[in-house]
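Okay, thanks for coming, everyone. Let me put the structure up, and then we'll walk through a helix pair, a single helix and a metal site.

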Amino acid sequence: MRISLARIRLELAHTFRIARSADQYRESVIVRLEDGGLDGLGEAAPSPRYGQSAESAERALASLDAAALEPAEQIEDVLGRAAALLKGEKAALAAVDMALHDLLGKRLGSPLYAVLGLDPGKTPVTSYTIGIDAPEIIADKIAEAEDFPVLKVKMGLDNDREIMETVRRLTDRRVRIDANEGWTREEALEKALWLETQNVELIEQPLPAADLEGARWLAARTSIPIFADESVHVASDIPRLAGIYRGINIKLMKCGGIHEALRMIHAARERGMEIMLGCMIESSIGITAAAQLSPLVDYADLDGNILIGNDPASGVKAREGKLALPDGPGLGVTIVESRLSKSLKRARA
Ligand code: MG
């Protein structure tokens, strides 16, 4: 087994502004595991919201001894060891998890969705995210998103109403709102009641992650389903959210990869909760890994690769929004040689 890492800068086509941050680019760490003549690819796209960065993810991954990841086919045990060694660096763990699943599928000569027994025809449509911006930029983004039947509109600053009015002047498409913890309880209720008149499908994380009582209070007062994102990371978070949030947004970068995401899907389903699969700003490596699970979920927000201009990989496609899984073995991702292969040279034996 050899581990190679490459840090890459993903350039955003537009500044990506949400309630707590604005970025022109984000950094990912790409992991390649070479084992038995096969390559497994994974990606860490760490979020500062969870105290992680490309530096911290890269440092954690560089400290991994390849021997700890062997035998690569014993994913359950290997991930247990990797989780202990990576010490809470969930995006780094997700990268290792994806690469192990990629190797597994390649070893079996089968796409990961088939290894998992899933029907690739059951993928949902992904929403296209509209960050917080001035009306003219929002109009440009809506034009760029013309192939997508669902929009995810970011809110949580002082121009929420202007944003929604701009969106509705231009399109009657379904809209999901994501406030990224940006509202107070009273503000959230006032906005939710207005948004009920605006053909809004759901509201994601209106209140700070820790305010579960606030989420319960709000959910009892609006007909719009309320979803958890920042409030939910791993399967063990789910029991206390059931009965409060209608659904959860699962992200590989929060939970540590496909293995934990599957546990979350089952834990949420047992409790009758709806499920969205979401993402950070990621390349087609991380997005395709998440998309392999998408036949199991109700909603997808897997557009991180579409928002960047220099995707170093190719994998899942969105056809009129519907996720079309690649049919290659494993994740089915191919890397764009000119953008990635040269950087993936810092190999560790
Ligand atoms: Mg969110």
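Quick bit of vocabulary before the helix pair: an axis here is a line fitted to C-alpha atoms, for helices over the stretch in contact, and angles run from 0 to 180 degrees between N-to-C directions. Also, keep in mind that this is a predicted model.

So, the pair. The axes of helix H5, residues 135-144, and helix H6, residues 160-170, cross at roughly 40° and come within 10 Å. That makes H5 and H6 oblique to each other, because angles count as roughly parallel only under 35 degrees. Who does the touching? On the H5 side we have Pro135, Ile138, Ala139 and Ile142, and they meet Glu162, Ile163, Thr166, Val167 and Leu170 of H6. As for handedness, H5 passes H6 in a right-handed crossing.

Next, helix H3, residues 90-108. It's a nice sanity check: with 19 residues at 1.5 Å each, H3 should span 27 Å, and its end C-alpha atoms are indeed 27 Å apart, so the two agree. H3 is mostly covered, with 15 of its 19 residues buried. Right after H3 comes Gly109, with a positive phi near 65°.

Last, the metal. Which residues supply the protein donors of the magnesium ion? They're Asp178 (OD), Glu204 (OE) and Asp229 (OD), at 2.0 to 2.2 Å from the ion. Along the sequence, the spacing of those donor residues reads D-x25-E-x24-D. Asp178 sits in strand E6 and Asp229 in the loop between strand E8 and helix H9, so this pair ties together parts 51 residues apart in sequence. Both Asp178 and Asp229 are buried.

Key. Residues are numbered from 1 along each chain as its sequence is written. This is a predicted model: local features need pLDDT of at least 70, side-chain atom pairs count only at pLDDT 80 or more; totals for chains, interfaces and linings use all residues. Side-chain values use heavy atoms; hydrogens and water are left out. Donors are N, O and S atoms within 2.8 Å of the metal (3.2 Å for Na, K and Ca); water is not among the atoms, so sites may look incomplete. Helices (H or I, at least four residues) and strands (E, at least two) are DSSP runs, numbered from the N terminus. Buried means under 20% relative accessible area, exposed over 50%, partly exposed in between (1.4 Å probe, protein chains only). The expected span of a helix is 1.5 Å times one less than its number of residues. Angles under 35 degrees count as roughly parallel, over 145 as roughly antiparallel, 65 to 115 as roughly perpendicular and the rest as oblique. A crossing is left-handed if the near helix is turned anticlockwise from the far one by less than a right angle, and right-handed if clockwise. Contact means heavy atoms within 4.5 Å.
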